[in-house]
Amino acid sequence: MAASPVRRSLALAVLVPLAACGGPRAEFAEQARTALVGLPEADLYACAGVPEKTVEVGDRRLLAYRRDRTNVTRDVEYEEVGILRARGVRAVRPEVSYRTASFACEATFTIEDDVVRQVDYNRGRDIQLCYQIIANCPVPGR
């Protein structure tokens, strides 16, 4: 059965905003990959700080910045272990379980002739953490 035009419009009205869940910070971080090309190295240090790692490759320098976050979720379930019949009270024992999820962004800036030539983010990155690295950098149109 085909969806009616009203249902299709309603579905688009709901899905289009969901597709943009990254928000302005994610957009800024993605734009920065090209917008920061040409930025003087001194300006990169001023806006992103000191890199965690620097590697010399011929006449180029690779500057690596990293941000991490770990989310911990705690679940508590109560298991009934008995009933004190004389008093009508249930005895329960809590079972606690923890789940962790780690997120990261590593931004690598390729510097040549004291200027940013390329910006790369790691695969599987958390773009919100990438934003934290370059949030203070000058990106045109911001």
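## Aromatic pairs in a predicted model

Two aromatic pairs turn up in this structure, which is a predicted model. As a reminder, the centre distance and the angle of the planes are what describe a pair of aromatic rings. Here are the two, side by side:

| Pair | Centre to centre | Angle between planes | Geometry |
|---|---|---|---|
| Phe28 and Tyr131 | 5.6 Å | 75 degrees | edge-to-face |
| Tyr65 and Phe109 | 5.5 Å | 85 degrees | edge-to-face |

Take the helix pair to start with. Phe28 sits in helix α2 (residues 23–35) and Tyr131 in helix α4 (residues 127–134), so 103 residues separate them and the pair links distant parts of the chain. Both Phe28 and Tyr131 are buried.

Then there's the strand pair. Tyr65 belongs to strand β2 (residues 60–84) and Phe109 to strand β3 (residues 89–112), so this pair ties together parts 44 residues apart in sequence. Tyr65 has a relative accessible area of 1% and Phe109 one of 0%; with the cut-off for buried at under 20%, each counts as buried.

Back to α2 for a closer look. Phe28 has company there: Gly23, Ala26, Ala29 and Ala32 are buried too. What covers the buried residues of this helix? The cover includes β4 (115–121) and α4, and α4 is also the helix that holds Tyr131, the partner of Phe28.

The length of α2 checks out as well. Its 13 residues, at 1.5 Å a residue, should span 18 Å, and the end C-alpha atoms are 18 Å apart, which agrees.

Definitions and conventions: Residues numbered from 1 in each chain as written. Predicted model: local features only at pLDDT ≥ 70, side-chain atom pairs only at ≥ 80, totals over all residues. Heavy atoms only, no water. Phe/Tyr/Trp six-rings, centres within 6.5 Å; stacked < 30°, edge-to-face > 60°. Helix = DSSP H or I, 4+ residues; strand = E, 2+ residues; numbered from the N terminus. Buried < 20%, exposed > 50% of the residue type's maximum accessible area, 1.4 Å probe, protein only. Expected span 1.5 Å × (residues − 1). Contact = heavy atoms within 4.5 Å.
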